[in-house]
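Here are a few short exercises to work through with the model open in your viewer. Try each task before you read its solution.

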Amino acid sequence: MNSTSPVTAFLDFLALIGRVLLAFFNRVGRLSTFTALALFHCVTPPFYPRTLLRQMVEIGYYSLPVVGLTTLFSGMVLALQSHTGFARFAAEGAVATVVVISMTRELGPVLAGLMVAGRVGASMAAEIGTMRVTEQVDALSTLSTNPFKYLIAPRLLAGALMLPLLVLVGDIIGVFGGYLIGTYKLGFNPSNYIQRTWEFMEAMDVISGLVKASTFGFIIALMGCYNGYTSRGGAQGVGQATRNAVVSASILILVFNYLITELFFAR
Amino acid sequence: MISTTPAYQPPPSVPKLSLTNVHKAFGSKVVLDGISLDVRPGESVVVIGGSGTGKSVLLKSVLGLITPDSGSILIDGEETVGLRGRKRDKVLRKFGMLFQGAALFDSLPVWENVAFGLIQGEGMARGPARDKAVEKLAQVGLGPEVADLFPAELSGGMQKRVGLARAIADEPDIIFFDEPTTGLDPIMADVINDLIVKCVKELGATALSITHDMASARKIADRVAMLYKGRLIWTGPAAQVFDSGNPYVDQFVHGRASGPITMAVRA
Ligand SMILES: Nc1ncnc2c1ncn2[C@@H]1O[C@H](COP(=O)(O)OP(=O)(O)OP(=O)(O)O)[C@@H](O)[C@H]1O
Ligand SMILES: [Mg+2]
């Protein structure tokens, strides 16, 4: 055993907490400055429409299969589960309503956000990280191009713009999944199911989902860019940046999902 | 009074580039320990020195990619240490830089790499920019068929030459070459040396280069400076470099393993 007294051990423990807290606030501070700078460059010229367009296609179009499949099966399983659950209260009629509300409010944005975080956030971090460690980011600034404007602003804008569109498509596919199961497997009358879907869906359900989506898109791009831009030290550093981008984006998505829900629906 | 030129023209006596007592340390590792160097307009200075002595760090400090810990760096008589944002962009416009690892943008084809500064910095249309890029590629000994390849499809030496074409494409005032001939065969190395001399003479550009290749140094330099242990221990005309009377320089230019410079090699 070592000979340190309980007092010094306790002080060491306090020092550890202090260090962890300092490191945490240091990171938060850096991230905040980075975000502020990135936002500033989003709204000041020059703009790079070509890069923006490329990112919009990359995020919006190429994520469609992933998001479509995820939401389709989620809608299907939702119909199935709520049917067996509500059967206990003889309330099977609520299936259509449950599917559309949970899809638009929660599952659409969150599932799309998490899937896109894995797909797009990772590739952004890897791409910008590689550019950083191979000095391409430095090269940009010697060619009269601000890396924030050229690399980061288009990605943030594309993320915030395209995720709502993706989620809208995902919502529709998810509701359609529920409809498929509801009508073909659970024996609902198709026109009845559709009528119940429309009847209980409110504009606020969809709008809140789209606000979430836009926030998540921004978070995904921000985490991808921040971790890539600040990565250091070769392939290992890039690998670390990629992992951090996905993990931090996923966690932030779940946190902001709660906060935005609270904002819209808590009274 | 008499002068009608609107733009400020520094008097010829003002050095293009003037470093005074520049320090830079990474953690406890001191890399630059009081560098002072003046480069006159149109002059070509070559910095020689062992691997890892901080030559690349020196160039990056002037570009502001690394912030020096202390000291002053004047460009056209204007202090640039601590410049940010638009002011920094404006200073960087004067520079062209060939990075040691070429640092080509691997998401863009070769011609767009070369034309990057023209398109993004000067707003040239893509058609004429492409023609200009092909012309610059020809100057570094690359045919038009290379223009549509991607950097990953080129050999190391070809990447270096594309990097060179990119650095000189928008005819900068001041050009930095970080080991321009490393990785090239002797004949191509000499072609590049000639090209550098031509650029400096024809564009009237000021050049600061790094090289280990003494043949190259002799050809492109007006003046040679030797970096050792964070200081410029010898500066003199290129013609004198082989009989400088300085034992460090002697050992370096003749490539002798024994002498005052001892390499940290443990057998
Ligand atoms: N970003 C950085 N962080 C920490 N240390 C660095 C950084 N950049 C350079 N160094 C250190 O500074 C020293 C000088 O590096 P530099 O790249 O300038 O060497 P060099 O003289 O260009 O060598 P070479 O001829 O091999 O290219 C090295 O020891 C390197 O470890
Ligand atoms: Mg170097």
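**Exercise 1. How many residue pairs are in polar contact between chain A and chain B, and which elements of chain A touch chain B?**

Solution. This is a predicted model, so the pair count needs a confidence filter. With both residues at pLDDT 80 or more, the count between the two chains is three residue pairs in polar contact. Next, look at who supplies the chain A side: helix H2 (49-61), helix H4 (95-133) and helix H5 (136-142) of chain A each give two or more residues to it. H5(A) gives the most, with six residues. Sorted by class, the residues on that side come out as seven nonpolar, eight polar and five charged.

**Exercise 2. Find the salt bridge across the interface of chain A and chain B.**

Solution. Start with the criterion: a side-chain nitrogen of Lys or Arg has to sit within 4 Å of a carboxyl oxygen of Asp or Glu. Across this interface the rule finds one such pair. The partners are Lys60(B) and Glu135(A), and their closest N and O atoms are 2.4 Å apart, which is within the 4 Å limit.

**Exercise 3. What area is buried between chain A and chain B, and which three residues of chain A supply the most?**

Solution. First the contacts: 20 residues of chain A meet 23 residues of chain B. The area buried between them is about 1800 Å², with carbon and sulfur atoms giving 53% of it. On the chain A side, Thr142(A), Leu143(A) and Ser144(A) supply 32% of what that chain buries against chain B, more than any other three residues. Now zoom in on Ser144(A): it lies in the loop between H5 and helix H6 (147-185) of chain A. Its phi is near 50°, a positive value in a residue other than glycine.

**Exercise 4. Which residues are closest to ligand 1, and how much of the ligand does the protein bury?**

Solution. Begin with the shell: 14 residues surround ligand 1, and the closest are Ser51(B), Gly52(B), Lys55(B), Ser56(B) and Gln100(B). Then check side-chain polar atoms against oxygen atoms of the ligand. Ser51(B) has one 2.5 Å away, Lys55(B) has one at 2.8 Å, and Glu179(B) has one at 3.1 Å. Taken alone, ligand 1 exposes 630 Å², and the protein buries 63% of that. Strand S2 (29-39) and helix H1 (55-63) of chain B are the elements that give two or more residues to the shell, and H1(B) gives the most, with three. By class, the shell holds three nonpolar, eight polar and three charged residues.

**Exercise 5. Within chain A, which elements does the salt bridge of Glu58(A) and Arg119(A) link?**

Solution. Searching the whole structure turns up 19 salt bridges over all chains. In this one, the side chains of Glu58(A) and Arg119(A) meet at 3.3 Å, N to O. Glu58(A) belongs to helix H2 and Arg119(A) to helix H4 of chain A, so to speak distant parts of the chain, 61 residues apart.

**Exercise 6. How many helices and strands does chain A have, and where is its cis peptide bond between Pro45(A) and Pro46(A)?**

Solution. Count the elements: chain A has nine helices and zero strands. Its C-alpha trace spans about 65 × 60 × 35 Å along the principal axes. For the cis bond, check omega between Pro45(A) and Pro46(A), which is about 0°. Pro46(A) sits in the loop between helix H1 (6-43) and H2 of chain A.

Key
Residues numbered from 1 in each chain as written. Chains lettered and ligands numbered in written order. Predicted model: local features only at pLDDT ≥ 70, side-chain atom pairs only at ≥ 80, totals over all residues. Heavy atoms only, no water. Contact = heavy atoms within 4.5 Å. Buried area = accessible area lost by both parts, 1.4 Å probe. Polar contact = N/O pair within 3.5 Å; in protein donor to acceptor, adjacent residues only side chain to side chain. Helix = DSSP H or I, 4+ residues; strand = E, 2+ residues; numbered from the N terminus. Nonpolar A, V, L, I, M, F, W, Y, C, P; charged D, E, K, R; others polar. Near = heavy atom within 4 Å. Areas by Shrake-Rupley, 256 points an atom, 1.4 Å probe, with all protein chains shown as cover.
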